[in-house]
Amino acid sequence: MEKVNQVNFPALTGVRAVAAFMVYIHHFNPFKTEIFGKNIHYFFDGFHVGVTLFFVLSGFLIAHRYFDDVDFEFKSYLQKRIARIYPMYFILTSATFISGYFLAKSYGGFGTYFLNISFLRGFFDDVKFSGIPQGWTLTVEETFYFLAPLFFLLIKRNKWMLLLLPICFILIGFFLVQLFEKSNLHGFMNSINFMLDYTFFGRVFEFFVGISLALIVKNEYGFKFKYFTILGVFGIIVSVYLLSILEPFPETDFLLIQKSSINNFFLPVFGILPFFYGLIKEKNLIFKILSSKYAILLGKSSYVFYLIHIGFFRSYLELMSTNYMFLFLSLNIIAITLYLFLEKPMNSFLRKI
């Protein structure tokens with residue numbers, strides 16, 4: 001994110017690594033059912049909430065940097081957002097499709113490739129996991145980046161927009177599902193499950209929790225409570241536990257709404273918000289760990305790690321060894337290398353154009 005934010009909130013940079021590693025554990029859960037039991041397996045399967053940490057963090061950092069920017073220029077703002085996200089995504093997505101074409105003789109066609117590199121694939125259920133599978137989250141992120149200046153303008157005019165805007169987008173999401181669920185448009189808004197879990201319409205509240213946190217920090221509210229970090233960790237653990245309880249049950253619309261209520265609403269408010277606030281205001285052991293130079297380096301390279309932890313890099317590494325720690329450490333080394341020698345220089349160059 002913005003350099004100024006990384007300096008002011010070093011522990012939040014470290015949190016990015018935690019969030020990426022949580023998603024990694026979700027995708028490659030080492031706690032096998034036959035060894036650790038279903039309850040432990042389901043609990044760590046709930047570490048997909050790392051994505052929610054990313055969304056709340058994005059809302060906070062963008063709002064803290066730009067909400068009060070009186071000299072705001074949309075072109076400059078968009079240029080910085082593209083410089084931060086797009087170059088590595090484009091390179092790795094293109095490499096993924098090229099690799100798929102030559103090695104598997106299948107790559108999904110140019111239409112799928114276009115939906116990927118244009119960030120549109122996250123609106124279509126049929127192709128959301130194409131290319132870099134976890135890249136669907138970037139459609140959600142980019143939608144927020146594009147709309148954030150409008151959100152800030154409306155919130156400045158009326159603080160109730162902090163609540164009304166996410167409600168409106170969620171209702172629009174339900175309306176679009178009703179409108180398109182029976183259409184054959186590559187799965188465009190074709191189910192409540194897809195809308196709530198994978199689109200900006202369902203995940204919008206998480207960004208607004210981040211915006212709310214930025215306004216709380218900016219207004220310097222003098223809370224006397226000194227254990228927000230611990231409270232937030234407890235809220236995150238409770239949220240993951242609640243999700244793990246629901247995991248074994250057959251999926252119904254009601255169950256999906258229950259899961260989304262926990263992941264998209266309860267977790268951001270009662271877990272992530274106090275956790276982030278504590279990391280900003282409290283200088284405890286968790287702060288020291290997450291603001292260490294090693295955690296910050298992992299945090300800065302976490303975007304690349306997130307993009308490569310599933311895909312051809314991992315596939316090539318698995319030819320050498322399938323050891324869990326070998327794969328994890330190797331992916332981090334590759335991510336740090338790509339960050340230092342490719343992502344960081346490209347980001348700096350594109351910001352100066």
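In this predicted model, helix 13 makes the largest contribution to the lining of the largest pocket, supplying five residues. The other elements that each give at least two residues to that lining are helix 2 (10-27), helix 4 (38-45), helix 10 (192-198) and helix 12 (228-246). The largest pocket holds about 590 Å³ of space, and of the 27 residues that line it, those nearest its centre are His26, His48, Trp136, Asp197 and Tyr198. Sorted by class, the lining of the largest pocket comprises 11 nonpolar, 10 polar and six charged residues.

Helix 13 itself deserves a second look along its length. This helix covers residues 253-281, 29 residues in total, and its first and last C-alpha atoms are 40 Å apart, which is close to the 42 Å expected at 1.5 Å a residue. Helix 13 nevertheless bends by about 60° at Leu267, and a proline, Pro268, follows within four residues.

From the open pocket we can turn to enclosed space, where the count comes to two cavities of 30 Å³ or more. The second largest cavity contains about 40 Å³ of space, and its lining is made up of Leu92, Thr96, Ile132, Leu307, Ile308, Ile310, Gly311, Phe312 and Phe313. Helix 6 (74-104), helix 16 (302-308) and helix 17 (312-320) are the elements that provide two or more residues of this lining. Seven of the residues lining the second largest cavity are nonpolar and two are polar, while none is charged.

Aromatic contacts form the last part of the picture, with a count of 49 aromatic pairs. In one of them, Tyr66 and Phe72 have ring centres 5.9 Å apart and ring planes at 90°, so the pair is edge-to-face. The two partners differ in their surroundings, because Tyr66, at 4% relative accessibility, counts as buried, whereas Phe72, at 28% relative accessibility, counts as partly exposed. Tyr66 also pairs with Tyr77, and here the ring centres are 4.8 Å apart and the planes stand at 85°, so this pair too is edge-to-face. The contact links distant parts of the chain, since Tyr66 belongs to helix 5 (residues 50-66) and Tyr77 to helix 6, 11 residues apart. Tyr66 and Tyr77 are both buried. Elsewhere among the aromatic residues, one cluster is formed by Phe55, Phe144, Tyr145, Phe151, Phe169, Phe200, Phe201, Phe207 and Phe208.

Terms used: Residues numbered from 1 in each chain as written. Predicted model: local features only at pLDDT ≥ 70, side-chain atom pairs only at ≥ 80, totals over all residues. Heavy atoms only, no water. Expected span 1.5 Å × (residues − 1). Bend = angle between axes of the 7 residues up to and from the residue. 1 Å grid on protein atoms, 1.4 Å probe; cavity = no way out; pocket = protein on both sides within 12 Å on 5 of 7 lines; lining within 4 Å. Points joined across faces, edges and corners; volume = space filled by probe spheres on them. Nonpolar A, V, L, I, M, F, W, Y, C, P; charged D, E, K, R; others polar. Phe/Tyr/Trp six-rings, centres within 6.5 Å; stacked < 30°, edge-to-face > 60°. Buried < 20%, exposed > 50% of the residue type's maximum accessible area, 1.4 Å probe, protein only.
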